[in-house]
Amino acid sequence: MAADTRDSTSPKQPQTSSGTTEPKAKTYDTFNYPATKENKDSLPGAISNTVVGKQTEPGVVDALKTIKFQDFKEVHKKPCTREGFLAGIGAAFAVGGVRAILGAPIFTACNWAVGAFAFGSFAMHEYCQGKRRREKEGIQKVNAALLEKKIKEEMKREEIRRAKRKAKEESGQ
């Protein structure tokens, strides 16, 4: 038999001092602080959230706490990341190797290799993103053209139906 979904063995949420359960905060809740008088970026006439109390502005440490190890394990699944890393590795090998062969000190060659990796990775990633953006725009144009074609075909069919009805009415009278 299937387990009862009302099973009380589910994990408990933290309780406040008043005994009510407090929902787990999401990442975006941490960085979404209300507009207050101290916040110079708040909009005029904005209402501050007085129920929560005074919240501190999140800092670098709070941002670093949101980074998970899982993010690094799945970095290769992000679009254009693989291509960028491979281009950066190739650029680093080429530039660093050429500098070393030409007689530059090893640390200087390594510095050039790191710089070439960073620049090559960034350049390839941006190139790939631009290519994806152009592909997306092309797909949107094709979809718009297909929709327009479908509408025209539907209008032709409707016109043919009207013509048939009109011919049928005339022949029936």
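Okay, let me start out on helix α5, with a glutamate: E154 has a relative accessibility of 36%, so E154 counts as partly exposed. Before I go on, keep in mind that this is a predicted model.

So what does E154 pair with? The side chain of E154 meets that of R161 in a salt bridge, at 3.7 Å from N to O. R161 also comes out at 36% relative accessibility, so that arginine is partly exposed too.

Now, R161 has another partner. R161 forms a salt bridge with E158, and there the closest N and O atoms are 3.0 Å apart. These two are three residues apart in helix α5, so about one helical turn separates them. E158 has 25% relative accessibility; the cut-off for buried is under 20%, so E158 counts as partly exposed.

Next pair along: R157 and E153. Their side chains meet in a salt bridge as well, 3.9 Å from N to O. Both of them lie in helix α5, four residues apart, which is again about one turn of the helix. As for accessibility, R157 is at 42%, so call it partly exposed, and E153, with 36%, is partly exposed as well.

If you step back, E153, E154, R157, E158 and R161 are linked in a network of salt bridges. And how many salt bridges does a search of the whole structure find? Five. The general idea will be familiar to everyone here: side chains of opposite charge can pair when their charged atoms come close.

Okay, staying with α5, but moving to how it packs. The axes of α4 and α5 come within 7 Å of each other, and they cross at roughly 150 degrees. The cut-off for roughly antiparallel is over 145 degrees, and therefore that is what we call α4 and α5. Left-handed or right-handed, that crossing? Right-handed. If you sort the contact of α4 with α5 by residue class, you get 14 nonpolar residues, eight polar ones and two charged ones.

That brings me to the cysteines. The structure holds one disulfide, and it joins C80 to C128, with the sulfurs 2.1 Å apart. This pair links distant parts of the chain: C80 sits in the loop between α3 and α4, while C128 is in helix α5, which covers residues 106–172, and the two are 48 residues apart. And the handedness here? The torsion about the S-S bond of C80 and C128 is about -70 degrees, so this disulfide is left-handed.

Are those two cysteines buried or exposed? Both C80 and C128 are buried. For C80 I can give you the number: relative accessibility is 4%, so it falls under the cut-off. Set that beside another cysteine, C110, which has 39% relative accessibility and so counts as partly exposed.

One last thing on C80, and it's about the backbone. The loop that holds C80 runs between α3, residues 69–73, and α4, residues 81–101. What is the phi of C80? About 70 degrees, so to speak on the positive side, although C80 is not a glycine. As a reminder, most residues other than glycine have a negative phi.

So, to wrap up with two things to look at on screen: the salt-bridge network of E153, E154, R157, E158 and R161, and the disulfide that joins C80 to C128. That's me done, thanks.

Conventions:
Residues are numbered from 1 along each chain as its sequence is written. This is a predicted model: local features need pLDDT of at least 70, side-chain atom pairs count only at pLDDT 80 or more; totals for chains, interfaces and linings use all residues. Side-chain values use heavy atoms; hydrogens and water are left out. Buried means under 20% relative accessible area, exposed over 50%, partly exposed in between (1.4 Å probe, protein chains only). A disulfide is a pair of cysteine sulfur atoms within 2.5 Å. Axes are lines fitted to C-alpha atoms, for helices over the stretch in contact, and angles run from 0 to 180 degrees between N-to-C directions. Angles under 35 degrees count as roughly parallel, over 145 as roughly antiparallel, 65 to 115 as roughly perpendicular and the rest as oblique. A crossing is left-handed if the near helix is turned anticlockwise from the far one by less than a right angle, and right-handed if clockwise. Ala, Val, Leu, Ile, Met, Phe, Trp, Tyr, Cys and Pro count as nonpolar, Asp, Glu, Lys and Arg as charged, and the others, Gly among them, as polar. A salt bridge is a side-chain nitrogen of Lys or Arg within 4 Å of a carboxyl oxygen of Asp or Glu.
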